[in-house]
Number of protein chains: 2
Amino acid sequence: MLARFSRFLTLVVVLAVAPSAGRALGQPNTTDPLPSWNDGPVKNAILTFVRETTQPGTAKFVPAEDRVVTFDQDGTLWVEHPMYTQVVYCLDRVPAVVKQKPELKDVEPFKTVLSGDEEAIAKLPMKDLEEILAATLTGMTTEEFKADVKAWLRTARHRRWNRPYTELTYQPMLELLTYFRSSGFKTYIVTGGGQDFVRVYAEKVYGIPPEQVVGTMGGVKYGYGRDGRPELTKEPKLLLNDNNGGKPEGIHLMIGRRPYAAFGNSTGDREMLEYTGAGDGARLMMLVLHDDATREYAYGPAQGLPDSKVGTFTLGLYDEAKQRGWSVISIKNDWKRVFAFEK
Amino acid sequence: MLARFSRFLTLVVVLAVAPSAGRALGQPNTTDPLPSWNDGPVKNAILTFVRETTQPGTAKFVPAEDRVVTFDQDGTLWVEHPMYTQVVYCLDRVPAVVKQKPELKDVEPFKTVLSGDEEAIAKLPMKDLEEILAATLTGMTTEEFKADVKAWLRTARHRRWNRPYTELTYQPMLELLTYFRSSGFKTYIVTGGGQDFVRVYAEKVYGIPPEQVVGTMGGVKYGYGRDGRPELTKEPKLLLNDNNGGKPEGIHLMIGRRPYAAFGNSTGDREMLEYTGAGDGARLMMLVLHDDATREYAYGPAQGLPDSKVGTFTLGLYDEAKQRGWSVISIKNDWKRVFAFEK
């Protein structure tokens with residue numbers, strides 16, 4: 001499931017910030033809804049879009065019930081390097097799975113994961129990763145799964161920052177979520193990650209309730225537990241791979257409306273942005289470019305950035321963005337601050 | 001898809017309306033939120049549930065974000081006899097499908113539908129009906145489908161009342177939807193009917209937006225039309241049969257929260273009510289009983305009502321309702337008025 005969004009492209013667009021644009025936005029404005037964004041064309045495009053779509057009686061006005069904005073998660077709302085957080089969770093769960101099924105101990109790819117050999121684990125092919133995801137994300141009830149993810153999130157730490165993963169959200173994007181919501185937009189996550197996984201923390205971390213999280217969906221099966229209580233069990237059955245074309249498909253299934261704005265950062269988001277842009281009236285499409293190795297990470301391979309299996313941003317996506325008029329958010333140039341914990 | 005919710009049970013519960021209950025509700029109250037409901041235990045249970053779950057600081061209080069109530073559609077919010085509205089739509093679409101694929105003209109079950117022989121059509125087995133549903137509900141873009149359903153709803157009439165199907169909604173249930181919403185509940189449809197079909201009119205007819213319609217889901221496929229524009233095509237691929245166990249499964253996928261109240265009318269709703277009732281705190285589960293042949297229809301086979309392929313309410317469901325404390329809404333006794341157009 002997650003394995004499928006492993007091919008991204010990266011784009012660097014040099015955003016020449018015209019001084020006049022900065023002034024036009026009212027730089028020292030105390031009511032700036034996006035204080036962690038540098039003034040410039042990207043910030044300006046966001047503010048203009050929201051202003052135009054929320055002014056009644058104007059050509060680009062969008063009625064409140066149609067104000068839908070979708071955000072990819074990994075690499076768009078929080079850090080996805082060196083590995084998707086959910087994959088880290090799955091690898092961490094392997095010992096518990098093997099304890100329940102000892103026969104897996106000497107079977108690949110479980111054997112490699114248990115060895116702790118990080119180099120070998122990093123080299124596991126997609127097929128093996130998918131097998132690990134299936135083994136670690138299914139077979140339990142939805143309630144058990146939720147409790148397990150919650151417990152893991154409390155203790156797991158991202159090595160580079162030694163902080164919980166839920167602190168590695170991008171401060172400028174959190175401001176953007178709040179800004180859209182205060183302007184009457186309904187904010188949705190549309191992620192290649194597992195829907196049930198992201199829902200565990202999305203409300204607390206992003207202010208996005210479970211019903212507004214669209215993700216890769218596995219089947220669940222209704223049944224009765226030992227005490228006769230109804231329960232739903234997670235099945236190894238893929239209903240929707242919410243990547244690439246699966247993103248507009250998931251949007252149709254779960255929301256039933258075309259978004260007016262969409263944010264992504266990789267090839268897995270291409271179709272979501274295309275679908276959003278194909279609607280009438282004002283539409284806003286943006287891609288986050290990871291071009292800041294100092295404050296976060298730098299990966300492409302577009303624009304000469306290092307290639308990456310995780311969050312790939314190809315030259316083709318870069319060309320499409322230029323051609324269709326999608327904006328590119330340069331972390332280096334557009335974000336004053338990346339994380340809330342930065343001083 | 002629709003064919004699967006063809007086995008219901010019907011229950012008649014004789015609701016002895018204690019005069020004191022009537023007075024307690026303040027019968028001649030001008031602010032009665034449910035004016036089309038007769039006073040009695042059912043109405044009282046609804047009012048009590050809403051009062052208790054919305055009073056901060058009390059034991060049964062439910063925070064606003066958790067206030068989810070789900071409604072089956074066919075037979076619960078609108079008329080389902082003598083045939084589900086969506087099946088009528090599909091049968092009406094057969095000539096258009098055959099025009100595009102003339103080779104179907106002499107092939108069953110299309111031949112029978114084209115013959116117009118109503119008795120023979122009524123006898124078509126489920127397998128044939130499913131074939132007709134697949135042929136008439138897939139192959140077009142989601143936009144084309146929406147436009148076609150809209151056009152059909154404008155002209156199609158229910159024979160008994162010679163009125164558009166969208167006028168055959170139950171007035172007491174419309175009041176209930178409004179009452180729940182004004183009490184901070186999010187109202188969802190959870191229907192065995194096709195999600196895309198119901199979404200076409202749910203907002204206008206019930207005030208329920210597309211993202212709050214959970215139904216039987218067919219797959220859609222992302223692609224590009226002749227003009228290169230992105231589009232979604234409806235595929236003959238069943239993702240979720242939103243009946244029976246599929247209802248709690250669909251609720252989990254689409255809402256991600258357990259409802260606090262659920263309304264249904266047939267065996268297809270049993271698991272949704274079980275799942276709702278298995279939660280902690282105050283929960284409200286109700287089944288509509290069609291026991292009024294004069295104003296609407298009467299069918300069971302529970303409680304000696306005539307058996308029915310459409311909206312079956314078995315003795316087993318009746319027993320489970322009694323055992324679990326689910327209320328039964330008697331159309332005959334609990335509804336002062338069935339339709340808005342009644343004088």
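# Reading strand 7, helix 10 and the A–B interface

Guide: Start with strand 7 of chain A, residues 327-330, which is covered on both faces. Ser327(A) and Ile329(A) on one side are buried, and so are Val328(A) and Ser330(A) on the other. Keep in mind that this is a predicted model.

Visitor: Which way do strand 6 and strand 7 of chain A run, and how many bridges join them?

Guide: They run parallel, joined by four bridges. Strand 6 covers residues 284-289. For a cross-strand pair, take Val288(A), which stands opposite Ile329(A) of strand 7.

Visitor: What unit do strand 6, helix 12 and strand 7 of chain A make?

Guide: A β-α-β unit, and a right-handed one. Helix 12 spans residues 315-324.

Visitor: Now the interface. How is its size often given?

Guide: Often as the accessible area lost when the parts come together. Here chain A and chain B bury about 3300 Å² between them. Carbon and sulfur atoms carry 50% of that area. In residue terms, 37 of chain A are in contact with 37 of chain B.

Visitor: How many salt bridges and polar contacts are there between chain A and chain B?

Guide: The count is six salt bridges. One of the salt bridges pairs Arg257(B) with Glu211(A), with the closest N and O atoms 3.0 Å apart. Polar contact is found for 24 residue pairs across the interface, both partners at pLDDT 80 or more.

Visitor: Which elements of chain A supply at least two residues of the side that touches chain B?

Guide: Helices 7 (142-155), 9 (195-206), 10 (246-254) and 11 (270-277) do. So do strands 2 (186-194), 3 (213-224) and 4 (230-240). Strand 3 of chain A gives the most, with six residues.

Visitor: Take helix 10 of chain A. How many of its residues are buried?

Guide: Nine of its nine residues. Among them are Lys247(A) and Glu249(A), along with Pro248(A), Ile251(A), Leu253(A) and Met254(A). After the helix comes Gly256(A), with a positive phi near 75°.

Visitor: His252(A) lies in that helix. Why does His252(A) count as buried?

Guide: Because its relative accessible area is 10%, and the cut-off for buried is under 20%.

Visitor: Which residues is His252(A) in contact with, leaving aside neighbours within four places in sequence?

Guide: Thr142(B), Asp196(B), Arg199(B), Val220(B) and Leu232(B). Look at them in the structure alongside helix 10 of chain A, where His252(A) lies.

Terms used
Residues numbered from 1 in each chain as written. Chains lettered and ligands numbered in written order. Predicted model: local features only at pLDDT ≥ 70, side-chain atom pairs only at ≥ 80, totals over all residues. Heavy atoms only, no water. Buried < 20%, exposed > 50% of the residue type's maximum accessible area, 1.4 Å probe, protein only. Pairing = 2+ DSSP bridges. Right-handed = clockwise from strand over helix to strand, strands pointing away. Contact = heavy atoms within 4.5 Å. Buried area = accessible area lost by both parts, 1.4 Å probe. Salt bridge = Lys/Arg side-chain N within 4 Å of Asp/Glu carboxyl O. Polar contact = N/O pair within 3.5 Å; in protein donor to acceptor, adjacent residues only side chain to side chain.
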